[in-house]
Amino acid sequence: MPLFYQQDINQTTQWALWRIEESLQDFKLPIALPANITHPNKQLQHAAGRHLLGFLRRDFAYTSLEAPLYGKPYLRDGSYEFSISHAQKWAAAIVSNEPVGIDVETYTPRVFKIAHKFIHPTEKIWMDDLLENASIWTPLHLHIFLWSAKEALYKWWGKGALDFIRDMQVQAPLQFPEGSVAASLHAEGKTFNLQLHYKAFSDCMLVWVKSIC
């Protein structure tokens, strides 16, 4: 079954993870995909993500959907806040009545090559500590968690112009395979204190953020 996992956070916030097994033609969306998405795999991923929005909310106003070239997609009528993510055969979406961000990542070693772009010195300290103390976390899981966490924070903000090291800090995840941690985001002269929620699956890691603490 394509729907892999679904969670109702409360009455106003739901998210779901979809394992993509369909063809593009199987997703009968009421609106066309953005014209700049031309690669078949990318088209399929975007279609699955948008399908999830209507799956989570049957009244999702697709005709009000705006997807700017830069910046976060939104609904013109303001009926819902939402976020979409996709990675290889996975698509994830979250819908709420307040700003949200979600990210899904597969476990690829390529993350080690870009670690210098997103790990803050204080985060390096707790990462080393977790790994040195026989934590159930592996180096790959931990790097993917932190990368996914910062992607989710970036999507929650939705305005771009963030440095993944300078503007975002995430606290140590002490539980595995799922839990929640505090995080902070610095932008436009303000600091936003947020709560991240994560869940590690066998093939991917998912992180979402909803509300200010």
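Mentor: Let's start with a hairpin: strand β5 (residues 81-87) pairs with β6 in the antiparallel sense over seven bridges. Keep in mind as we go that this is a predicted model.

Trainee: Happy to start there. Which residue of β6 is the bridge partner of His-86?

Mentor: That is Ala-91. Now look at the turn: two residues lie between the strands of the β5 and β6 hairpin, and Gln-88 takes a positive phi near 55°.

Trainee: What is the strand order of the sheet that holds β6, and how are the strands paired?

Mentor: The order is β1-β2-β6-β5, an open sheet of four strands with antiparallel pairing. Its edge strands are β1 (3-8) and β5, each of which pairs on one side only. From one strand to the next, the twist averages 10°.

Trainee: How many bridges join β2 to β6?

Mentor: Six bridges join strand β2 (residues 14-19) to β6, and the two run antiparallel. You can fix the register with two pairs: Trp-18 stands opposite Ala-91 in β6, and Ala-16 has Ala-93 of β6 as its bridge partner. So Ala-91 is a handy landmark, since it also partners His-86.

Trainee: How should I read the side chains along a strand?

Mentor: The general idea is that side chains in a regular strand alternate between the two faces of the sheet. Here, Trp-90, Ala-92, Ile-94 and Ser-96 point one way from β6, while Ala-91, Ala-93 and Val-95 point the other way.

Trainee: Are those residues of β6 buried or exposed?

Mentor: All are buried, whichever way they point. Because seven of the seven residues of strand β6 (residues 90-96) are buried, the strand is largely enclosed by the rest of the structure.

Trainee: Which helix lies across β1, β2, β5 and β6?

Mentor: Helix α1 (residues 40-56) does, and it runs at about 35° to β6.

Trainee: Let's turn to helices. What do I need in order to describe two that pack together?

Mentor: Two packed helices are described by the angle between their axes and the distance between the axes. In this model, helix α2 (residues 121-132) and helix α3 (residues 139-157) pack at an angle of about 150°, and their axes are 10 Å apart. Because angles over 145 degrees count as roughly antiparallel, α2 is roughly antiparallel to α3.

Trainee: What is the handedness of the crossing, right-handed or left-handed?

Mentor: α2 passes α3 in a right-handed crossing. On the α2 side the contact is made by Glu-123, Trp-126, Met-127, Leu-130 and Leu-131, and on the α3 side by Pro-139, Leu-142, His-143, Phe-145, Leu-146 and Lys-150. The residues of this contact divide into eight nonpolar, one polar and two charged.

Trainee: Could we follow one residue through that contact? What is Met-127 in contact with, leaving aside its neighbours within four places in sequence?

Mentor: Met-127, which has its place in helix α2, is in contact with Ile-119, Leu-142, His-143 and Leu-146. Although Met-127 and Leu-146 are 19 residues apart along the chain, their C-alpha atoms are separated by 9.6 Å.

Trainee: Why does Met-127 count as buried?

Mentor: Because its relative accessible area is 2%, and buried means under 20%.

Trainee: Is there another hairpin I could practise on?

Mentor: Try strand β9 (residues 178-187) and strand β10 (residues 190-200), which run antiparallel and are joined by ten bridges. Val-181 stands opposite Leu-196 in β10. Two residues lie between the strands of this hairpin, where Glu-188 takes a positive phi near 50°.

Notes
Residues are numbered from 1 along each chain as its sequence is written. This is a predicted model: local features need pLDDT of at least 70, side-chain atom pairs count only at pLDDT 80 or more; totals for chains, interfaces and linings use all residues. Side-chain values use heavy atoms; hydrogens and water are left out. Two strands pair if DSSP finds at least two bridges between them. Axes are lines fitted to C-alpha atoms, for helices over the stretch in contact, and angles run from 0 to 180 degrees between N-to-C directions. Angles under 35 degrees count as roughly parallel, over 145 as roughly antiparallel, 65 to 115 as roughly perpendicular and the rest as oblique. A crossing is left-handed if the near helix is turned anticlockwise from the far one by less than a right angle, and right-handed if clockwise. Contact means heavy atoms within 4.5 Å. Ala, Val, Leu, Ile, Met, Phe, Trp, Tyr, Cys and Pro count as nonpolar, Asp, Glu, Lys and Arg as charged, and the others, Gly among them, as polar. Buried means under 20% relative accessible area, exposed over 50%, partly exposed in between (1.4 Å probe, protein chains only).
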